[in-house]
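Work through these short exercises with the model on screen. Try each task before you read its solution.

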Amino acid sequence: MHKSWKPFLKSEFDKPYFKDLSAFLREAYETKTIYPQKSLVFSAFTTDLNKVKVVILGQDPYHTPGAAHGLAFSVPSSQPIPPSLVNIYKEIDSDIGCHANQTGNLKNWQDQGVLLLNTVLTVEAHKAGSHRGKGWEVFTTEVIKYLDATRPHLVFLLWGRDARSKKPLINTDKHLVLESPHPSPLSAHSGFFGSRHFSKANAFLKSCGYDEIIW
């Protein structure tokens with residue numbers, strides 16, 4: 001984790017809800033197959049807090065072997081590009097002309113100040129949504145509130161029901177909130193395609209004096 005997050009994370013780790021979550025996770029990792037591996041659960045927080053410009057909020061990690069590595073929508077370079085990310089790349093291509101990534105690894109977005117955060121940070125193998133309601137939603141609510149309060153002029157990309165539920169936490173007079181259905185094949189045609197979130201995000205960043213994201 002980047003040192004810029006340490007004061008916030010320490011305060012959350014000491015709270016009763018997180019201690020309960022930690023106890024649940026200890027048992028889960030000991031008795032079941034959980035993704036991502038323990039060392040990667042907080043990968044999103046290797047992003048320097050002071051450089052965060054965009055927040056992409058996903059649902060929970062990929063639940064198939066080798067795919068989850070702690071960054072929302074991202075997979076290691078060796079993995080096939082998942083269907084939701086295929087659709088994200090299609091929308092980028094339609095919106096701004098082309099996407100820069102050759103694989104499904106979104107680390108280069110993270111390096112530019114994109115926080116790739118799921119609302120739930122762990123999952124049991126082959127059981128999507130299996131760690132909902134265990135405390136992660138409380139944690140990520142606190143993350144969003146902290147970002148809202150401490151960072152100026154962020155872009156929040158809220159894709160899907162879980163992500164969009166966080167909108168009331170965000171001061172829309174201060175930040176840009178862009179929301180749409182999830183980019184999964186089940187819902188992308190219901191409003192994700194054609195949303196033009198990537199050009200809109202860059203236009204806002206440029207208006208605030210920030211470098212645009214190379215999507």
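**Exercise 1: The sheet**

Find the residue in strand 6 that is the bridge partner of W159.

Solution. Keep in mind that this is a predicted model. Go to W159 and look across to strand 6: its bridge partner there is S180. Now widen the view to the two strands. Strand 5 covers residues 155-159, and five bridges join it to strand 6. The two strands run parallel.

**Exercise 2: Strand order and edges**

Give the order of the strands in the open sheet, then explain why strand 3 and strand 6 each have one side without a neighbour.

Solution. Step one: read across the sheet. Its four strands come in the order 3-2-5-6, and the pairing is parallel. Step two: look at the edges. Strand 3 (114-118) and strand 6 (176-180) stand there, each with a single partner strand, so one side of each has no neighbour in the sheet. Step three: check the twist. From one strand to the next, it averages 15°.

**Exercise 3: A helix across the sheet**

Which strands does helix 7 lie across, and at what angle does it run to strand 6?

Solution. Start with helix 7, residues 197-207. Follow it over the sheet. It lies across strand 2 (54-58), strand 5 and strand 6. Then compare directions: helix 7 runs at about 180° to strand 6.

**Exercise 4: The largest pocket**

State the volume of the largest pocket and describe its lining by class.

Solution. First, the volume: about 410 Å³. Next, the residues. The lining has 24 of them, and D60, P61, Y62, H63 and S84 are the closest to the centre. Last, sort the lining by class. It has 10 nonpolar, 12 polar and two charged residues.

**Exercise 5: The second largest pocket**

Which helix gives the largest share of the lining of the second largest pocket?

Solution. Begin with the volume, about 160 Å³. List the lining: F18, S22, L25, R26, Y29, K38, V41, F42 and W136. Match these residues to the helices. Helix 2 (residues 16-31) gives the largest share, five residues. By class, the lining divides into six nonpolar, one polar and two charged.

**Exercise 6: The cavity**

How many cavities of 30 Å³ or more does the structure hold, and which residues line the largest cavity?

Solution. Count with the 30 Å³ cut-off: there is one. The largest cavity holds about 30 Å³ of space. V41, P61, G70, L71, N118 and L121 line it. Sort them by class: four are nonpolar, two are polar and none is charged.

Terms used:
Residues are numbered from 1 along each chain as its sequence is written. This is a predicted model: local features need pLDDT of at least 70, side-chain atom pairs count only at pLDDT 80 or more; totals for chains, interfaces and linings use all residues. Side-chain values use heavy atoms; hydrogens and water are left out. On a 1 Å grid over the protein atoms alone, a cavity is a set of points where a 1.4 Å probe fits but cannot get out, and a pocket is an open set with protein on both sides within 12 Å along at least five of seven lines; lining residues have an atom within 4 Å of a point. Grid points are joined across faces, edges and corners, and a volume is the space filled by probe spheres set on the points. Ala, Val, Leu, Ile, Met, Phe, Trp, Tyr, Cys and Pro count as nonpolar, Asp, Glu, Lys and Arg as charged, and the others, Gly among them, as polar. Two strands pair if DSSP finds at least two bridges between them. Axes are lines fitted to C-alpha atoms, for helices over the stretch in contact, and angles run from 0 to 180 degrees between N-to-C directions. Contact means heavy atoms within 4.5 Å.
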